[in-house]
Each structure stands twice: as structure tokens, then as C-alpha cells.
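Colleague: I would like a close look at one part of this model, the second largest pocket. Please walk me through its lining, then carry on to the loops and cysteines.

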Amino acid sequence: MTTVDVAIIGAGMSGLSAALALREGGKSILVLEAQDIPGGRVKTVTQPDGRAYEKGGQFFAHYMTHVCDLVARYGLTRRKVRKMPGAVAILNGQRIVFDGDYPEPGFFDLMFADGADGDFPGSLLDWALQQGLDAQALAQFKTGCEEIMGNPLSELSFRSVRDTLGKFERFDDSMEFACVEGLGTLAGLMARDLGPAFRAHAPVTALDRREGLFHLTTPQGTVLARQVVFAAGPAVSGKVDWQAPQDAWLRDHSRHFLAGKMTKIVLRYDTAFWLGSDFGSAGQTDEPSDFSVMDASDADGGLDCLAAFCGGTAAMMMKGLAEDKVLSRVMDILEPMLGPMVRDPVNVVLTDWSDHPWVRGGYDTWARPWAKSDPWAPLREGREGLHFAVSELAAEYPGLIEGACRRGREVAGRILSGI
Ligand SMILES: Cc1cc2nc3c(=O)[nH]c(=O)nc-3n(C[C@H](O)[C@H](O)[C@H](O)COP(=O)(O)OP(=O)(O)OC[C@H]3O[C@@H](n4cnc5c(N)ncnc54)[C@H](O)[C@@H]3O)c2cc1C
């Protein structure tokens, strides 16, 4: 039986970051990952065209220092993403062209304005309807939020979303960079760095506490640990049988969370036919709402591609459809924004994250009925040697790769300093 100081459940960017920091701090560790590869919501595939495609998390900015440092530390290459002025939106059936970025509908300022009710108990939709904004601003807010959060506005708690947004020190040009080799490659290198302390195909199915040790059940046998970091989303915490009486609260804690639905489609073209058109760098639509597309090309040339995102309603509309049907539906949505040439990509990588067995989709948020108390709070604190380290728990940039790295290191810091 293996015994370690800290067992880490999950090898997404939060688990890997925690593991490396704990090892640097002198702890013996073991990372147990349910899937065959590390990375979680970060996943890279190399296609027959020899290029690395990002199925999940991809973009970061220079102020996301942890991701930038990791990319540099593992000798990978950061590439600047092309950003031309201009954007297109199809809202309420109208094609609208913006000269610069989409104008900020002012909602974020309203959410944090002096006198704003931060404890508004309803949905984001209920709140938005009370703000007296025009139909275009409302449609823009709806599609923008739903695409990121992966659920309809009516299912998103105002307090939950406001709390998340309040933790973003900056959000300007957040899609400034991508990694040429892919962030899944980065996760692979981090796991390789851990050597035998990384174990794939090792879902933790049960966790008990006996005689001062945690007992973690995996298909490869029981692992004993003095402390545990659960580095996966609360929406999947219900897959673990929490056997110890002091962990019984976790048995149904996952019901407080709703995982975001998300399908990502990367389309590569021989040439960026949209350059010089009114598309600029981004498109969005409210039919279906939750759909957006951006120019994800290399700013220095050599790679011309678009990244489209179906969140929430759009992802659910496509659920269960064969890939060619999804693609045909996506093309129908893209053509009014980009013209008929959008139908001729040279390569397509389509990934439906909704209901992924170990990740459950995009961003985890609060599920109805929304309790007055924040269901993240007990996870943030951890209990008696059991810590939680998923991106959504980060004090800065929650829900992003940067948040995952920061939360992983923060939890490691707490363990190392004996908190
Ligand atoms: C389509 C998509 C696009 C995105 N784009 C961006 C982007 O451009 N920029 C950005 O910053 N962020 C982006 N994100 C978000 C970002 O990918 C995530 O915030 C981040 O990767 C989360 O990392 P994590 O380690 O916290 O969690 P996860 O990546 O969810 O990792 C959890 C890990 O735990 C494992 N696990 C779960 N249960 C168990 C168990 N019982 N036993 C063992 N292992 C278990 C899972 O298999 C998984 O590997 C995107 C996400 C998606 C889905």
C-alpha cells in the first residue's frame, strides 16, 4: 500500500500546480487522475496536418502570470493571437457591425455600482430585466454571459456570477496569447515532471478516514495519505463515496452546483478570408443565444483559424447530434457573420464538454434553489486535512486556467504552512 503526505485527486491545471508546489516544499505526493491523460479541461490533440489543436482551455493574457511562467518554464512557445478592430453581432434578427470591440453594455458596471444590491436573490435574467436597458444591450448581455457561463441567464444566480466577476482584477484582452504546442502538452510535461507521483487511469471512487490517515480507493489499490487535495469540480465530487462521518456533508454537496454546457469548434483555413471584412475579430448571435466565434489565428501569420463556442442553450440544442449535423448547424450560424467561405475549413476539431464524465462541462456555478449561503465557502476553507483546489475556487481569475494554477499553489501553500 502506498502512503504519502498528500494525495491529489485530479490532474487538471489546479491539481498539477498543487502537486509541483507541494513537491518543491518537500512533501511526498501522489496525483491520482481518473482519465488516461492529465490536463482535465485543458486538452490538446495533434492532427494529421501536424498542428496542435486546443479542445478546451486555450487563451491567456500577459497578466495571467502563472500560466505565462509555466509556458516559459517548460520551454513551450507563446503565440500572440491576431486581433483586428471590429466585431459583428446578429441580435434580434439584425446584423450589427461594431467598429471596435463590442461596446460594453454597461452591465458589469451596474452590477458593481454604488448602491447596487449585491445580494439580489434572483437569476441574472431577473436582475437584467430590472435594469431598464434596451433590447440590443439585453440580447448582447444574454449571449455574452451564457456563452461563458454555459447556462441560460434564467438558471444563473446573480450572486454567484457577481461574486465570480468581482474576482477578476482585469479582463481586458484576456485572449491575448495561446500556446503553439498546446496547453494540454504543458499539462503532459508537468505530469511527466512528477514521474511516478503521477498516476493515470486512477479514479478515486471512495475516501475514508481511519487511524489518522485518509484511505483512497482506486482500481490500482488503496492509497494512504495524511492530507488530501480534491482538485476537481464540485459537480463531480458526487462520484466519490465519502465514507468518513466528518465528510458526510460532501455526499450531496454536488447538488448545489450546475456545470456549464460547452461545445468548442476550432476551424482552420488555408487563408484568413475574413481579413479586411467587417467581421473584424469576433462574432456573436442570440439565435441561438450562447454562441460566439473569434479569430484565433497567429498574429504573425502561419496559422489562420476561428474558434467557435456554443454554451448553454446552443450546446444543448446540439447535444446527441452526430458531429456532421452539429457542424452543419454551426455553419448555418456562422455564414451570416462571415460569408459562404466559412463552409470550407481545411480542418475541424469539435469537442462537446457537456456531461463529460469527469469534468461535467464548462464553468461550475450555483444550482437552484439558490441558498443564501455560498456553497463554495466550505470548499474554500477545507476541513481537517481535506482541501479543495479547482479553478472556480480561486481568489483571482476563477474559472480560468490562471485561476486553476493560482488555487493549486494557494492550497499547497496552506498545507506547507500547516494551516
Ligand atoms: C471548451 C472550454 C474552453 C475554455 N477556454 C478557456 C480559455 O481559453 N482560457 C482559460 O483560461 N480557461 C478556459 N477554460 C477553462 C479552463 O480550461 C478551466 O478553468 C481549467 O482548465 C480548470 O482546471 P482545474 O484543474 O481546476 O479543473 P479540471 O480541468 O476540471 O480538472 C479536474 C481533473 O480531475 C479529474 N477527476 C475528477 N474526478 C476525479 C476522481 N474522482 N478521481 C480522479 N480524478 C478525477 C478530471 O478527470 C480532471 O482531469 C475553458 C474550458 C472549456 C471547457
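Modeller: Strand E4 gives the largest share of the lining of the second largest pocket, 3 residues. Bear in mind that this is a predicted model. The pocket holds about 220 Å³ of space. Its lining counts 15 residues, and those closest to the centre are Arg 51, Ala 52, Arg 79, Val 180 and Leu 303. Three strands each give two or more residues to this lining: E4 (52-54), E8 (177-179) and E15 (262-269). By class, the lining has 8 nonpolar, 5 charged and 2 polar residues.

Follow the chain back from E8. The loop between helix H6 (158-165) and E8 holds Asp 173. Phi of Asp 173 is near 45 degrees, a positive value in a residue that is not glycine. Most residues other than glycine have a negative phi. Asp 173 is partly exposed, because its relative accessible area of 34% falls between the 20% and 50% limits.

A second positive phi belongs to Tyr 397, near 55 degrees. Tyr 397 sits in the loop between strand E21 (386-388) and helix H11 (401-416). Its relative accessible area is 2%, so Tyr 397 is buried.

Now the cysteines. The structure holds 0 disulfides. Cys 305 is in none; the nearest cysteine sulfur is that of Cys 179, 14 Å away. A disulfide needs sulfurs within 2.5 Å, so that gap rules out a bond for Cys 305. Cys 310 is in no disulfide either, and its nearest cysteine sulfur, that of Cys 305, is 16 Å away. Cys 305 is buried, at 4% relative accessible area. Cys 310 is buried too, at 0%.

Next, two cis peptide bonds. One joins Glu 287 and Pro 288, with omega about 0 degrees. Pro 288 lies in the loop between strand E16 (282-285) and strand E17 (291-295). The other runs from Arg 368 to Pro 369, with omega near -10 degrees. Pro 369 is placed in the loop between strand E20 (364-366) and helix H10 (377-381). Most peptide bonds are trans.

The residues of E16 bring us to Tyr 102. Tyr 102 lies in the loop between strand E7 (94-98) and helix H3 (107-112). Beyond its neighbours within four places in sequence, Tyr 102 contacts Ala 282, Gly 283 and Gln 284, along with Ala 87, Val 88, Ala 89 and Gln 140. Tyr 102 and Gln 284 are 182 residues apart along the chain, yet their C-alpha atoms are separated by 9.5 Å. At a relative accessible area of 23%, Tyr 102 counts as partly exposed.

Finish with His 253. This residue lies in the loop between strand E13 (241-242) and strand E14 (257-259). Leaving aside neighbours within four places in sequence, His 253 is in contact with Pro 375, Pro 378 and Leu 379. With Pro 375 there is also a polar approach: a polar atom of the His 253 side chain lies 2.9 Å from the backbone oxygen of Pro 375. His 253 has 8% relative accessibility, which means it counts as buried, the limit being under 20%.

How values were computed:
Residues are numbered from 1 along each chain as its sequence is written. This is a predicted model: local features need pLDDT of at least 70, side-chain atom pairs count only at pLDDT 80 or more; totals for chains, interfaces and linings use all residues. Side-chain values use heavy atoms; hydrogens and water are left out. Helices (H or I, at least four residues) and strands (E, at least two) are DSSP runs, numbered from the N terminus. Buried means under 20% relative accessible area, exposed over 50%, partly exposed in between (1.4 Å probe, protein chains only). A polar contact is a pair of N or O atoms within 3.5 Å; within protein, one must be able to donate a hydrogen and the other to accept it, and residues adjacent in sequence count only if both atoms are side-chain atoms. Contact means heavy atoms within 4.5 Å. On a 1 Å grid over the protein atoms alone, a cavity is a set of points where a 1.4 Å probe fits but cannot get out, and a pocket is an open set with protein on both sides within 12 Å along at least five of seven lines; lining residues have an atom within 4 Å of a point. Grid points are joined across faces, edges and corners, and a volume is the space filled by probe spheres set on the points. Ala, Val, Leu, Ile, Met, Phe, Trp, Tyr, Cys and Pro count as nonpolar, Asp, Glu, Lys and Arg as charged, and the others, Gly among them, as polar.
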